[in-house]
Amino acid sequence: MPLMYVLKNMEIEGINIDVEALNKFGGELNEDLIRLKSEIIEAAGEDFNLDSPRQLGTILFEKMQISSKAKKTKTGQYATSEDVLQKHEKDHPIVGDILEYRQLKKLKSTYVDPLPELCDPVDGRIHTSFMQTVTATGRLSSNNPNLQNIPIRTAKGREIRKAFVPRDNSHQLMAVDYSQIELRIIAALSDDKSMIEAFKNGIDIHTATASKVFHTPVDTITREQRSQAKAVNFGIIYGQSAFGLAQNLNISRKEAKQIIDSYFEEYPTIKKYMENVVAEAREQGYVKTVLNRRRYLPDINSTNAIVRGYAERNAINAPIQGSAADVIKVAMVAVQKEMFERGLKSKMILQVHDELIFEVAKGELEQLTELVRKEMGGAYPLKAPLDVNVGVGKSWDEAAH
DNA sequence: AATTTCACG
DNA sequence: ACGTACGTGAAATTA
């Protein structure tokens with residue numbers, strides 16, 4: 001209920017975008033898309049709707065027969081999703097072009113074209129809606145437009161984030177995100193002493209995990225080992241299997257199983273915690289977050305192993321994802337209150353699950369940085385300390401670095 | 001309205 | 001043999 005007022009203010013405040021920059025980028029995307037499309041149609045030997053997965057599947061796997069190992073979706077169509085197409089990139093040069101076409105088309109049709117149209121006629125800003133009663137875990141969701149999935153992972157995607165800018169030269173954007181909040185929560189909830197200690201000492205958690213899992217000193221950990229340990233740390237939060245880890249890391253199932261077994265030997269309290277939370281779900285019919293938000297899991301005792309497995313992964317994940325959502329909500333209420341009491345002109349304008357975005361008025365940067373660090377970092381003390389990263393810049397992209 | 005794909009944490 | 005990591009929203013096609 002208190003958060004409702006905070007969300008109302010963020011929705012009304014909105015965020016400014018550089019429409020000219022987006023339109024220019026849209027023109028560049030258009031040229032690339034036209035070129036890619038004509039190359040693909042030429043290689044296919046006939047015109048078809050490239051935006052139709054069904055037509056694309058027929059062209060690739062029946063007409064062109066680029067591979068005999070076509071995969072089908074559950075409704076019997078040829079699967080053409082990114083992970084499937086990536087496996088066929090070596091089979092024909094057209095596949096790489098299709099993947100690039102898909103990426104650029106997504107950026108243009110979902111962000112570059114619609115966003116300028118959504119600027120409010122009165123203040124010229126973009127106003128999202130934050131929903132508090134949609135998700136199963138207690139996270140917020142954002143719609144109309146969704147400002148929680150603005151691209152960042154690719155260079156072309158970041159062009160869109162660069163177009164989210166302050167209202168004028170006397171403001172900057174500030175992005176503040178929680179560092180590894182879900183891993184800190186699993187460390188705290190399971191009371192794993194070694195993981196808590198690593199967070200207390202500010203040690204790189206993925207390197208520390210790699211050292212444990214591979215039984216080698218921290219200073220000898222390779223990039224590959226750190227990257228694998230990172231994948232395991234994330235997989236754990238979701239109840240991932242050896243199969244899933246193997247697929248993610250492109251290693252054999254046997255190797256994946258060895259890594260997971262070693263992980264649980266080194267972090268026995270985390271293994272115990274995961275077993276306990278599943279047992280709790282079986283007994284109570286629900287699991288809960290640090291603030292007692294419940295997720296009911298009616299399938300937890302299902303005789304169907306697949307259905308039951310899904311519920312068990314939900315039982316593991318929901319308290320972690322949901323507690324992180326609790327923490328940032330408490331922080332948002334505290335930050336808003338403190339900003340009001342100090343009479344600041346700066347505004348909190350967006351939330352993206354583990355980060356808050358502010359439009360900072362010139363002269364308030366130092367004070368706001370201190371305020372936000374204090375309120376976010378201390379929102380809900382856990383056995384593992386919370387930590388935040390602060391970034392500032394002339395665009396959301398710059399601030400997020 | 002359902003399906004497929006893909007953008008984010 | 002089964003299916004295999006959680007949570008969302010939007011665009012486009014198809015039924």
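Which residues are linked in a network of salt bridges? Glu-13, Arg-125, Arg-167 and Glu-359 are. A salt bridge here is a side-chain nitrogen of Lys or Arg within 4 Å of a carboxyl oxygen of Asp or Glu.

This is a predicted model, in which local features need pLDDT of at least 70, side-chain atom pairs count only at pLDDT 80 or more, and totals for chains, interfaces and linings use all residues. Residues are numbered from 1 along each chain as its sequence is written, chains are lettered from A and ligands numbered from 1 in the order in which they are written, and side-chain values use heavy atoms, with hydrogens and water left out.

**Exercise 1. Describe three salt bridges and how covered their partners are.**

Step 1. Start with the total. The whole structure holds 25 salt bridges.

Step 2. Take Lys-108 and Asp-113. Their closest N and O atoms are 3.0 Å apart. Lys-108 is buried, at 17% relative accessibility. Asp-113 is partly exposed, at 36%. The cut-offs are these: buried is under 20% relative accessible area, exposed is over 50%, and partly exposed is in between (1.4 Å probe, protein chains only).

Step 3. Take Glu-280 and Lys-288. This salt bridge spans 3.8 Å, N to O. Glu-280 is partly exposed at 27%. Lys-288 is partly exposed at 38%.

Step 4. Take Glu-370 and Arg-342. Here the N to O distance is 3.3 Å. Glu-370 sits in helix H16 (residues 365-377) and Arg-342 in the loop between H15 and strand E8 (347-351), so the pair ties together parts that are 28 residues apart in sequence. Helices (H or I, at least four residues) and strands (E, at least two) are DSSP runs, numbered from the N terminus. Glu-370 is partly exposed at 39% relative accessibility. Arg-342 is partly exposed too, at 29%.

**Exercise 2. Find out what surrounds Asp-326.**

Step 1. Locate the residue. Asp-326 is in helix H15.

Step 2. Look for a charged partner. Asp-326 is buried, yet has no salt bridge. The nearest side chain of opposite charge is Arg-293, 4.2 Å away. Lys and Arg count as positive, Asp and Glu as negative; His and the chain ends are not counted.

Step 3. List the contacts, leaving aside neighbours within four places in sequence. Asp-326 touches Thr-289, Val-290, Leu-291 and Arg-293. Contact means heavy atoms within 4.5 Å.

**Exercise 3. Is helix H8 mostly covered or mostly open?**

Step 1. Count. H8 covers residues 181-190, and nine of its 10 residues are buried, which makes the helix mostly covered.

Step 2. Name some. Among the buried residues are Ile-181, Glu-182, Leu-183 and Arg-184.

Step 3. Find the packing partners. The buried residues of H8 pack against strand E5 (171-178), helix H9 (193-200), helix H10 (205-213), H11, helix H14 (268-284) and H15.

Step 4. Step past the end. Asp-191 follows H8, and its phi is positive, near 55°.

**Exercise 4. Describe the surface near DNA strand B.**

Step 1. Count the residues. DNA strand B has 23 around it, and the closest are Thr-73, Thr-75, Thr-80, Glu-82 and Lys-106. A residue is near a strand if one of its heavy atoms lies within 4 Å of it.

Step 2. Sort them by class. Six are nonpolar, nine polar and eight charged. Ala, Val, Leu, Ile, Met, Phe, Trp, Tyr, Cys and Pro count as nonpolar, Asp, Glu, Lys and Arg as charged, and the others, Gly among them, as polar.

Step 3. Check polar contacts (N or O atoms within 3.5 Å; within protein, one must be able to donate a hydrogen and the other to accept it, and residues adjacent in sequence count only if both atoms are side-chain atoms). A backbone N or O atom of Thr-80 is 2.7 Å from a phosphate oxygen of DNA strand B. Lys-106 puts a polar side-chain atom 2.7 Å from a base oxygen of DNA strand B.

Step 4. Find the main contributor. H5 gives the largest share, four residues.

**Exercise 5. Describe the surface near DNA strand C.**

Step 1. Pick the nearest residues. Of the 35 around DNA strand C, Ser-52, Arg-54, Ser-141, Tyr-238 and Asn-248 come nearest.

Step 2. Check the phosphates. A phosphate oxygen of DNA strand C lies 2.5 Å from a side-chain N or O atom of Ser-52. For Arg-295 the distance is 2.8 Å.

Step 3. Find the main contributor. H15 gives the most, with six residues.
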